[in-house]
Amino acid sequence: MTIPWAVSLSTSRFFPTRSAILRRQTSPCSATATMSTAGEQNFTSDPAHLDTIFKQKKALRLVVKRDLKSMDPILRSEEDEAIQRIVMEAPWFKACKGLCAYISCSALREVDTSRILSHILSSHSEMRKKLFVPRVEDRNRNMRMLNISSTEDLIANSMNILEPASLDADGNEREDVLFANEPVDLLILPGLAFDKAGRRLGRGGGYYDTFLSRYQELAEKRNWKQPLKIALSYSVQIVDEGTIPLTPNDVLVDALVSPSGVIPISPAALEICQ
């Protein structure tokens with residue numbers, strides 16, 4: 001399920017250290033959002049902060065990418081195995097009937113999902129979960145989640161990343177989760193960094209935050225229960241709370257799955273993980 005893709009990271013002798021980033025990000029003046037007692041995000045309206053926020057995110061991305069690049073391959077493999085095992089053994093995964101999940105790319109150093117996807121696609125048809133995986137349509141944050149039933153439904157895109165073909169083997173349009181008649185129960189998400197308050201740092205494209213916002217709006221409109229948003233994270237990707245600055249477009253996750261177990265965050269996740 002993974003394919004080679006060379007990703008170059010520019011570094012220099014002035015490259016910021018992880019500790020320096022953590023100190024800088026957690027300073028009081030750098031915050032753009034606070035959490036109310038109800039758990040809602042309250043954002044400042046000062047546009048002067050946005051440039052600072054984007055610079056902070058860029059610096060943190062460089063640090064986390066460097067840490068991922070230097071991660072011992074044996075440790076990475078062990079954490080991949082542990083995270084996928086935890087997901088597949090979780091009651092919320094076993095109970096879900098439909099889900100969206102990302103297709104991991106080893107060159108991006110994402111947590112592996114190949115065992116999870118293979119488990120879903122190899123299940124007996126009457127017990128199989130309905131699986132939707134991402135397809136990037138353009139550079140304007142448009143990403144669709146399309147239904148697949150086999151790994152043969154996947155092709156390499158222009159950047160050599162696996163994604164579903166827009167048409168199935170019979171030439172029909174694949175089902176898009178945003179136009180499906182039934183809701184999904186679970187969203188398995190990638191990212192570069194996370195904290196235990198649910199903040200997620202992506203790669204800067206905005207594709208997942210845009211999709212998540214659209215699906216949340218759809219679920220509200222159709223009076224569906226919101227799916228559980230689960231992010232998969234290596235140990236090195238979990239940072240101190242407050243390190244990841246928020247903007248109005250950022251969507252919080254409900255829980256993290258790390259090699260040490262499930263970290264429930266939202267009330268919905270706390271209820272399910274009890």
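Colleague: How many helices and how many strands does the secondary structure of the chain come to?

Modeller: In this predicted model, where residues are numbered from 1 along the sequence as written, local features need pLDDT of at least 70 and side-chain atom pairs pLDDT 80 or more, while totals for chains, interfaces and linings use all residues. Side-chain values use heavy atoms, with hydrogens and water left out. The chain comes to 7 helices and 13 strands, each being a DSSP run numbered from the N terminus (H or I over at least four residues for a helix, E over at least two for a strand).

Colleague: What is the mean pLDDT of the chain, and where is it below 50?

Modeller: The mean pLDDT, the predictor's confidence in each residue from 0 to 100, is 84, and 82% of the residues reach 70 or more. Residues 1-15 have a pLDDT below 50, and so do residues 20-42. Where pLDDT is low, the predicted coordinates should not be read in detail.

Colleague: Why is Q237 called buried?

Modeller: Buried means under 20% relative accessible area, exposed means over 50%, and partly exposed lies in between (1.4 Å probe, protein chains only); Q237 has 1% relative accessibility and therefore counts as buried. Q237 sits in the loop between strand 11 (228-232) and strand 12 (255-258), and beyond its neighbours within four places in sequence its contacts (heavy atoms within 4.5 Å) include V64, L68, V111 and F194.

Colleague: What makes the approach of the Q237 side chain to G191 a polar contact?

Modeller: A polar contact is a pair of N or O atoms within 3.5 Å, in which, within protein, one must be able to donate a hydrogen and the other to accept it, and residues adjacent in sequence count only if both atoms are side-chain atoms. A polar atom of the Q237 side chain lies 2.9 Å from the backbone oxygen of G191, and the side chain also reaches the backbone oxygen of L192 at 3.1 Å.

Colleague: How do you know that the length of helix 3 is close to what is expected?

Modeller: The expected span is 1.5 Å times one less than the number of residues; helix 3 has 17 residues and reaches 24 Å from its first C-alpha to its last, close to the 24 Å expected. At its N-terminal end, D72 caps helix 3, with a side-chain oxygen 2.9 Å from the backbone nitrogen of I74.

Colleague: Which residues make the contact of helix 3 with helix 5?

Modeller: Helix 3 (residues 73-89) and helix 5 (residues 114-121) pack at an angle of about 35°, with axes 9 Å apart. The contact is made by E81, Q84, V87 and M88 of helix 3 and by S114, R115, I116 and H119 of helix 5.

Definitions and conventions
Axes fitted to C-alpha atoms, helices over the stretch in contact; angles between N-to-C directions.
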